[in-house]
Every structure is written in structure tokens, then in C-alpha cells.
Amino acid sequence: MNLKLTEEERAFRDELRTFFTTEIPADVRAKTASGTPLGKDDYVAVQRILHSRGLAVPNWPVEWGGQDWTPMQRNIWLSELQLASVPDPLPFNASMIGPVIAQFGSQEMKERFLPATANLDIWWCQGFSEPEAGSDLASLKTRAVRDGDDYIVNGQKTWTTLAQHADWIFCLVRTDPNAKKQAGISMLLFPMDTPGVTRRPIKLIDGGYEVNEVFFEDVRVPAENLVGEENTGWTQAKFLLGNERTGIARVGATKVKLARAKSFAAETRLGSGSLLDDPIFAARLAELENELLALELTQLRVVAGSADGKPNPASSLLKMRGSELQQAATELLVDIAGPDSLPAGEADIDSPDWARLTTPTYLNNRKVTIYGGSNEVQRSIIASSILGL
Amino acid sequence: MNFELDTEQDMLRATVRDLLSGAYDVESRNRVAESDLGWNRDVWKQLAELGVLGLPFAEEHGGMGAGPVEVMAVMTEIGRALAPEPVLDCVYLPGRLVAEVGTDAQRSDIIPRLSEGTALLAFAHDEPGSRWPHTEVATTAARDGDSWTLSGRKNPVLHGDCADTLIVSAKLPEGGIGLFVVDAGADGLTRTPYRTHDERRGAQVVLENVAATSLGEGADASTAIITAQVHAQAALCAETVGALDSSVQLTTSYLKQRKQFGVPLSMFQALTHRAADMYVLYELASSMSLYATMALADGIVDPTIASRAKLQVGRSARKIGQESVQMHGGIGVTAEHSIGHYLSRLTAIEHTLGTMDDHLRVLAGGVKDYELVEIAGM
């Protein structure tokens, strides 16, 4: 047993820390830390800087820009990204469709898409969920019917995150309506400006636009854009979702939130001292920090013990606890801001910017226990695959 | 970074597990708990023969020269089996004080006998009305030339009923806390044994001018006491993790067996989701227990780390213990089933060497001293 990082791992960590804090634009990192929504340009700029140093898609095969890293190195990379408030490489590209194409795509498809995907020349969005198919994804109804060299797609997707920026969509469609639920599904890739594709933004409770409905009306997609074989889409979807769940704990990002909470509490007057001097507040903070540390150690146990990067059922634990603690941290910040969190729109008032951002962030973060497999789904996974219930 | 036991450590764990699972089931444990001693001298002898009792002590004193990781492995198995043998109270905790503070002569006298299982110590430190962490004791030590006498009250003294020798803390005339070796049968010493709610044993000890020998040179031993407590807290966390593992397993197998409304309880999602939450809490407790142990193994003796571990382990224990009993239904509150005994033991551990509130208070007091919460020694 040994808690220490190796000398090489420490050097690796220090190198990344320096790179992230000096080479990534400070304004983007500040926006990320404060929860200010990023623009498309911010994502693209950061991803290209990361990719130029081989740091955008490390989990990909080496020949497509990946790194031959150990699970511990990957964990250090992710942790340092978050501690430096660098936005994650666009997840739809870096951890969703990229690995799927690298694993299941033809050579032509890899050459066509992977370099552009890694460099964010193509912005992808995920066409999985539908109004009647959320956690029960296999109920999806969007149809694709073969017509000569094309598929004709009809149907609707929803919760399509950042589809307003997207150039292409990776889309699950039903290609065999007579097969059992999972067996008749395929994955298609097509541009968002294909005739017949329309987007409708959905306003969220934080006042922002992050997700969209996407409608398909006789959308013609060349059959060469099918990933793998027809009706094997479920395998690809499971592969993708397995990747989605790892790294979702976001321990580093929550640490940064708690550190910010401390500094804001220290600036908030309470009686003759500050909120940080209040024993009730300090206890709440200390409790959260401790839970976060327990999660971090648990994540390290999974990382240090993971053989061949195989999905570990404990990743459900990391998703569950990680999302709960992200929410608890945003909740803490709202409560520190208190009445200063009420003014929403105006800039020229005396409530500090950070305080006015806390409630939108808190409201928006209710999503983290819902997406990526809701926490109820994670509990079911733990109960069945770990406890055998 | 590596969180696995090595081959030898794993063998030690397996051996202790075999011994204890062979020795204890509900009936045999209840029988032993009913006896005056409350634990089994045959099991004790076997633990001594396996080297378990001498584990953390130097080889030159007849010990095995092992470290915190081995102690953790043993304590986890003790917790898993709910074994009542007082390995921590009578050997590891007071033995560490002897090893750290004692003179060469005291170490060579006491530690081999502890390792052989022939001597039983108890650490008489807590006093009525005081809570962890307390830096002062009311018991006083008076010096007359080379000899000492102690006066005061100590309670609870865990397993102070069976110990033949007590290590007693007392206020030194020149300030600081000294440690003393006291014969349990000494004149002026009154010992009132009792049973604890978790079927262990304890004693209240009243000292009235009792003759004592100073452990070591009679200097302030506060640091050694804190170090010993940090080690003991890590050991208690490990014992808890073992007990939690058993509790989760007993509960999940009960959910699979027990039928209600014509189907096994495991068909009810409300219950399986609660079982999943228990599993999550078990893993979080394991992680913090490992942290406390591995930090010690790296030479970091930090009461804050012990508090971190004991807080999380306590939270997990409270919830898992309660949920386990609840999901067993009525059988869970009977003494005929193990699960309630686990809850009782877990509750006793929570109240030993600091409650959750005590540890949270320590941590809350320190939040201003750093920016980001970090794993020490990484």
C-alpha cells in the first residue's frame, strides 16, 4: 500500500499544472471558475491549444492524437484541468463520438472525422434522448428507412446540449422496427444543416439556453455515414455511455467551488466577524470538504485498481456522489450569497457578480443528478451489478 | 499509488479471517458475551500464536515489526467477525505507549508478555465528564523521591476489568501529563467492572494514593498519548469498515431471501436503492479508513487526518447500522440475530475517541487555515 504519487507522476502533474495555468487564456479560466457561460469561441480556442500539446483527447488511440497514459496519468490530467478551471475538451467530441468512431468506424470514417473532431473543426452534438426515451433510451422512436444509398430519417430528439453550436450530430435511429428494443437501433452521423433538420432551443430555469429540441423531417443521410453495421447502434451507445460516466465525479471542479466559497464567506460580514467565523457555516463547509476528500480517495482507489481501463461498476458510485457534491457546493454558494443572489439581470447594482451568478448556477446544476444516467439509474446499477439484488 | 494489500498482508488477513469466522457465529458469540470475561481465552491464545498480538511491536521485543497496514488488516477482520477479543484495548493501544515512552527495561519486560498473550494492559486515561480531545486530566501524580503515588478517577477504562496492569495518565507536579504503570491489584485502587452496551467490558478505576511506577523517565507524555490515539482511531476505523462490510452483506442476502407479499424483498426498488446507498457509504468509509492507515504507514501522524477518517466512518456507520436493522425488520432488533449486535458495536466505536460532532468541530476549526482541501502526503 502506498499513497504517494511516483516521482514521474509528480513531474507530470507539475508540468500540466504549469501548462494549464500559463497557456490557457486567463479570462476563459475565470469564466469557468465563476460559472459564467462560455461562448463557442472559448471552447474552440481552448480545445485547439490543448490539442496542439496532445492534451485534448488523451483517451483516444495514439495514432489519432491520444496518449499512451496510465489510468493515474489520465486522472491527474483531468484533475489538473479542473483545478485550473480549464473547460473540459468538448465532451461530445472528446469523450463521446471520437472514441466511438475510433472503435467502430471504418478506416475512411476515421480519417474523415477523427482529426477534425479532435481539433474541434467539427462541433458535434448528441442525438440520443427523445421525449419518450430518457433513462429508458432503448424506447427511442426516430426512424431511419433505407432508400437506395441513403437513409431517410424522421423523428425528434430532445435535451440536445449545445446543438445551437453544432455542425454535426451523432444520432441513434431505429432501423428495424420489428426487432426487440435494443436490437433494431443504428448510429448515423450527419450535418446539422442537412435539409429537414430544425432546432428549437429550450429555455432552462437559469434563464439560459443550453439544450434544444431537434426535429427531423425526411432528412436524407448517405449510408456511408452509418457507424459500424446496421442495427449495432446499441453496442456503440453503451460504449459511449460507459465513457460518459467516468470522469463525471468532477472532484477538482468542486474543490475549486469550495475554495471560492471560503473566500466569499470571508468577505461576507456577520456580526463582528465574517461568515467564515461562524461555527455553523464552518461545520457545513468542513463536512462538505470531508465528503469530497472521501470521494477523491474513492476515485483514486478505482483509478489505481483499474485494469486495462475496463469500466468499473464503482463508476456509478463516483457519478452519484460526484453529482451530489457538485450540487451541494452550488447550494452552499447560493446560501453564502443570500439576498445578494436575488438581483438577476442588471449589472450596475451593488450585489457582486459572483453572488448574482450563484442562483442560475445552482438552478442549472440540478441537471447533474439527472443526466449521464440519473442517480436513480446509478442506484439500480449498483444494486444489480455490485450487490446482486 | 497502490491501495492493495501485498501478498503477506493478504495472507495475514485471510488467516485471521479463518480463525475468527471459525470461532464465532451468533450462538458462540452470544455464549462468550455471557461469560464473565466476555471474550475467549482460546481464541486469544491462537491470536498470540499467529503473531497477531505482537504484530506492531519491534522484533527485538518479541514482536513482529509490522506496521499500520497489518494492524488495519487484523482490525478489519475483528470488525467483520464482531470478535470480542480486546486486541486494541489490551494490547495495541497501551502497548504502543509502552513501546514509545517506556524505558528499555519496561519494554523488554512488558512487550514480550503482551505479544505472547500472557499480559493484559488497559489504558486508563478518560475521566468522568471529559470528552475527546482533552489535553488535561484531573488525576494527579505525587512524587516522593523515586516513588510515585496517583489519585483520581478514571472512566471508562475499556477492558479495565481484565487487565492485570494499567497504564494511567496523571498530571505531573511540574505540569504536563505523565504515564504510569500501576498494578491492577495495588492497594488503594478500586476497580468496578461493568458490561458495555455492545457486550464488551469496562471498568471504573478509583485511585487513592496508589503506588505507581513512571512509564519512561516521568516526562510529559502528551505527544505520545496523541500519537497512540491517532493510531487507535485508525484501528477503530478499520474495525468499523469490517463491521460495515458484514452489515451490508447480511442485509443484501436478507433482501434476497426474505419473502413478503409473495416475492423476495429484493424485488422492491425502494429497498434496493437504499441498499445501494449503504454500499456507497461503505466504500466512502473504506476510502477514509485506508487514508488514515496509509498516512500512518508513510510516517504522517496527523490528528486532523484521524478526525477526517473518523467523521466519515462514523457517518457511514450510523446510517448503515440503522438501515441494516430497519431492512431486517423485527428480527433485526432481537439478540438472536447478528445485525443488531453490529449496530451496537458500531455505536460504541462512534463514541470512542471522539464522536462525529467532536471530529467535525476539530475540522470546522481548521477550515480557515488552507484554501483547497487536499490529500496529505500525496
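B:Phe268 counts as partly exposed because its relative accessibility is 30%, where partly exposed lies between buried (under 20% relative accessible area) and exposed (over 50%), with a 1.4 Å probe and protein chains only. The model is predicted, so that local features need pLDDT of at least 70 and side-chain atom pairs count only at pLDDT 80 or more, whereas totals for chains, interfaces and linings use all residues. Residues are numbered from 1 along each chain as its sequence is written, chains are lettered from A in the order in which they are written, and side-chain values use heavy atoms, without hydrogens and water.

B:Phe268 is located in the loop of chain B between β9 (263-264) and α8 (269-297); helices (H or I, at least four residues) and strands (E, at least two) are DSSP runs numbered from the N terminus.

In the interior, the largest nonpolar core comprises 221 residues. Such a core is a set of buried Ala, Val, Leu, Ile, Met, Phe, Trp, Tyr and Cys residues joined through side-chain atoms within 4.5 Å. The residues with the most contacts inside this core include A:Trp124, A:Phe170 and B:Tyr92. Its largest share, 17 residues, is contributed by α8(B). Another core, of 19 residues, lies apart from it and includes B:Trp148 and B:Phe180.

Contacts (heavy atoms within 4.5 Å) were also computed for B:Gly321, a residue of helix α9 (residues 303-328) in chain B. B:Gly321 counts as buried because its relative accessibility is 2%. Apart from neighbours within four places in sequence, B:Gly321 is in contact with B:Ser316, B:Leu343 and B:Leu346.
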